[in-house]
Amino acid sequence: MDVVLVSACLVGVECRYDGASKPSVSLIEQIKCSGVVVVPVCPEQLGGLPTPRAPNEIIGGDGGDVLDGRAMVKDSNGVDRTENFLRGAHQTLAIARLLNTKTAYLKQRSPSCGFGLIKRGKEVVRGNGVTAELLARNGIKIVAVD
Ligand code: SF4
């Protein structure tokens, strides 16, 4: 049976920075009917960050730049969280490999899970989150969910 990873906040897990979830009713309906095994993951929690936590932002680029050492992640208190984001991305990739996952449904605009768009301050800019970029670089199909 196929296994898909899903950003945990999209399926009702209260793992967001503010301690809330962001369930997508349409995604939940879609995956309930699809017969796949759904594995919820929260890369920021997997990276060792608490919930709730200060919101984070990629500084100086996007997730690809963080992976390549050209950008960093800081929380709203100015604390460098780059190592947490890298750890969470690699932990998520390890889970994907363990389960032979080919597809991940990820929350748009997040500095971890965003794919195509990420939030910067009050703006939304083009780019990928750290985990989305790492999964994509390793051949996993990303479906962005908003
Ligand atoms: S890291 Fe991903 S799964 Fe976790 S709260 Fe943010 S968007 Fe949701």
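The following exchange concerns a predicted model, its largest pocket, its ligand and Thr103. Local features need pLDDT of at least 70 and side-chain atom pairs count only at pLDDT 80 or more, while totals for chains, interfaces and linings use all residues. Residues are numbered from 1 along each chain as its sequence is written, and side-chain values use heavy atoms, with hydrogens and water left out.

Biologist: Which residues are the closest to the centre of the largest pocket?

Modeller: A pocket is an open set of points on a 1 Å grid over the protein atoms alone, where a 1.4 Å probe fits, with protein on both sides within 12 Å along at least five of seven lines; lining residues have an atom within 4 Å of a point. The lining of the largest pocket holds 27 residues. The closest to its centre are Arg16, Tyr17, Arg109, Ser110 and Pro111.

Biologist: Where does the ligand sit, and which residues are the closest to it?

Modeller: The ligand sits in the largest pocket, a statement that requires more than half of its atoms to lie within 2 Å of the grid points. Around the ligand are 14 residues, each with a heavy atom within 4 Å of it. The closest are Cys9, Val41, Cys42, Glu44 and Cys113.

Biologist: Why does Thr103 count as buried?

Modeller: Thr103 belongs to strand β5 (residues 103-107), a strand being a DSSP run of E with at least two residues, numbered from the N terminus. Buried means under 20% relative accessible area, with a 1.4 Å probe and protein chains only. Thr103 counts as buried because its relative accessibility is 17%.

Conventions: Helix = DSSP H or I, 4+ residues; strand = E, 2+ residues; numbered from the N terminus. Buried < 20%, exposed > 50% of the residue type's maximum accessible area, 1.4 Å probe, protein only.
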